[in-house]
Amino acid sequence: MVAAATATLSFASVPCRKHQLRRGANAFNAQQFSASSSHWQHSATLKWGLPRLRAAKRVIVARAGAGSYKVAILGAAGGIGEPLSLLIKMSPLVSALRLYDIANVNGVAADISHCNTPVEVAGFTGKEELAGSLAGADVVVIPAGVPRKPGMTLDDLFSVNAGIVKELVEAVADHAPGALIHIISNPVNSTVPVAAEVLKRKGAYDPRKLFGVTTLDVVRANAFVAATKGLPLADVDVPVVGGHAGTTILPLLSKARPKAAFTDAEVEELTARIQNAGTEVVEAKAGAGSETLSMAYAAARFLEASLRGLDGDADVYECAYVQSQVVPELPFFASRVKLGREGVEEVVGSELRGLSEYEARALEALKPQLKASIDKGIAYVQQQEEAALN
Ligand SMILES: NC(=O)c1ccc[n+]([C@@H]2O[C@H](COP(=O)([O-])OP(=O)(O)OC[C@H]3O[C@@H](n4cnc5c(N)ncnc54)[C@H](O)[C@@H]3O)[C@@H](O)[C@H]2O)c1
């Protein structure tokens, strides 16, 4: 039993899949996954309801000050930002957490700072404090922006959120140029290209370091498949590729582990549910916001995977929306990626081989929509640039 004063954390997490790679680029054998999952666990307090930990899991014990990474959250006082900040406060890999928002963030920072874990917490509010929140950050997570209300599509958020992402990523380029950037603000299919264009213009674009966070699609796919097939939740791993809106979200059920037989009806129902899961929450919340708690969980899982990559852990894999060439006509595409010391170490394109007929059709069908969303993000930055010149 650990004394509370040392704030020792037991942090069991394997959000990636360990698998053996054959020699050569993109050599990936999905058969060799060892199933596992990710859970946050505080040894002193969170003993209830935890799923059985599997032997494959790693337990990291961190003493006060053991973490070394600095994480900035921009939009930290929002529905996602608050619970995400709390989860990161529990990470043994993190030394400092900077919480930035245009409003109400100092209360969040004060509240979270009282949790007796070693992560140092500071709040920054107002544009004049943005630079300070970013200085020295290893990872910048951006959930700033407006969420959907019932009846809205993710694309409806573009006009507001593209501007917010542009402004914040400009600041990241100026004040934390080497940081990994995790974009949560929707529509991710367009806001990530916005961020890339901004970084290019600042001479600070490293495609290995820019991510659209699509982990929630994987988390949902795993949960829904486990429930449908009666599988132990911790064993299920479903890659989700494509984009992060409606039918651009493509769960690859044929590549799910453990291998399961799905009827055609199950494939259609599960795919549609995974694609529309956000709407399920938006409607249930009836105007009070969109998915925030599951998103915070997913973002924390992706952050932990990124930090483990930075830390030099081998075999850290997650799906994310990144620049890639796996589908030549789509410069950005969600794939499983290997995370390393510089961000994306490898994009695993081989999962697009041997798709079921249903998946192959869905992949073809999503291409025009995803391409249009990417082009919209690129065009936005060009237009803003031209407007600034006139
Ligand atoms: N990637 C995903 O899977 C996923 C899932 C759910 C929601 N989202 C998106 O995440 C975003 C945030 O959702 P939410 O529910 O937390 O919204 P929210 O309205 O609860 O919170 C957004 C926060 O951003 C802040 N903000 C606005 N403009 C800002 C700026 N210029 N600088 C800093 N902070 C700013 C607001 O003050 C607010 O605190 C939305 O765009 C939503 O669509 C993404």
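Pro187 lies in the loop between β7 (180-183) and α5 (188-201), and in this predicted model the peptide bond that joins Asn186 to Pro187 is cis, with omega at about -5°. Asn186 is also listed, together with Gly75, Gly78, Gly79 and Ala144, among the closest of the 33 residues that surround the ligand. A second cis peptide bond joins Arg257 and Pro258, again with an omega of about -5°, and Pro258 belongs to the loop between β10 (249-251) and α7 (264-275). Most residues other than glycine have a negative phi, and most peptide bonds are trans.

Backbone exceptions of another kind occur at Asn104 and Asp315. Asn104, which is not a glycine, has a positive phi of about 60°, and Asp315, likewise a residue other than glycine, has a positive phi near 60°. The table sets out the surroundings of these two residues.

| Residue | Phi | Loop | C-beta neighbours within 10 Å |
|---|---|---|---|
| Asn104 | about 60° | between β4 and α2 (105-113) | 14, partly exposed |
| Asp315 | near 60° | between α9 and β11 (317-323) | 16, partly exposed |

**The ligand shell**

The shell around the ligand divides into 17 nonpolar, 12 polar and 4 charged residues. Helix α4 (residues 158-175) gives the most to this shell, with 4 residues. Glu170 has its place in helix α4, and because there are 17 C-beta neighbours inside 10 Å, Glu170 counts as partly exposed, a residue being buried only at 20 or more. When residues up to four places away in sequence are not counted, Glu170 touches Val198 and Lys202; the latter, Lys202, is 32 residues from Glu170 in sequence, while their C-alpha atoms are 7.5 Å apart in space.

**The chain and its core**

The secondary structure of the protein chain comes to 10 helices and 13 strands, and 50% of its 390 residues count as buried. Of the contacts between residues at least 6 apart in sequence, 71% join residues that are at least 24 apart. In soluble globular proteins, nonpolar side chains tend to be buried together. Here the largest nonpolar core has 107 residues, and those with the most contacts inside it are Val71, Val140, Ile181, Ala195 and Ala299. The largest share of this core, 11 residues, comes from α9.

How far apart are the end C-alpha atoms of helix α9 (residues 293-310), and what span should its 18 residues have at 1.5 Å a residue? The expected span is 26 Å and the end C-alpha atoms are 26 Å apart, so the two values agree. Helix α9 is also largely enclosed by the rest of the structure, because 16 of its 18 residues are buried. After α9 comes Gly312, whose phi is positive, near 95°.

**Strands β3 and β4**

Strand β3 (residues 69-74) is mostly covered, with 6 of its 6 residues buried. Tyr69, Val71 and Ile73 point one way from β3, whereas Lys70, Ala72 and Leu74 point the other way, and all of these residues are buried. Val71, one of the residues with the most contacts inside the largest nonpolar core, is in contact with Ile88, Val94, Leu97, Ala137, Asp138, Val139, Val141 and Leu303, leaving aside its neighbours within four places in sequence. Strand β3 pairs with strand β4 (residues 94-101) in the parallel sense over 6 bridges, and within this pairing Leu74 stands opposite Tyr100 in β4.

**Strands β11, β12 and β13**

Antiparallel pairing is found further along the chain, where β11 and β12 are joined over 7 bridges, and the bridge partner of Glu318 in β12 is Val337. Strand β12 (residues 332-340) is mostly covered, since 8 of its 9 residues are buried. Strand β12 is in turn joined by 5 bridges to strand β13 (residues 343-348), and these two strands run antiparallel. Leu339 stands opposite Val344 in β13, and β12 and β13 form a hairpin with 2 residues between them.

Terms used
Residues are numbered from 1 along each chain as its sequence is written. This is a predicted model: local features need pLDDT of at least 70, side-chain atom pairs count only at pLDDT 80 or more; totals for chains, interfaces and linings use all residues. A residue is near a molecule or strand if its C-beta atom, placed from the backbone, lies within 6 Å of it. Ala, Val, Leu, Ile, Met, Phe, Trp, Tyr, Cys and Pro count as nonpolar, Asp, Glu, Lys and Arg as charged, and the others, Gly among them, as polar. The expected span of a helix is 1.5 Å times one less than its number of residues. A residue is buried if 20 or more other C-beta atoms lie within 10 Å of its own, exposed if 12 or fewer, and partly exposed in between; C-beta atoms are placed from the backbone. A nonpolar core is a set of buried Ala, Val, Leu, Ile, Met, Phe, Trp, Tyr and Cys residues joined through C-beta atoms within 7 Å. Two residues are in contact if their C-beta atoms, placed from the backbone, lie within 7 Å. Two strands pair if DSSP finds at least two bridges between them.
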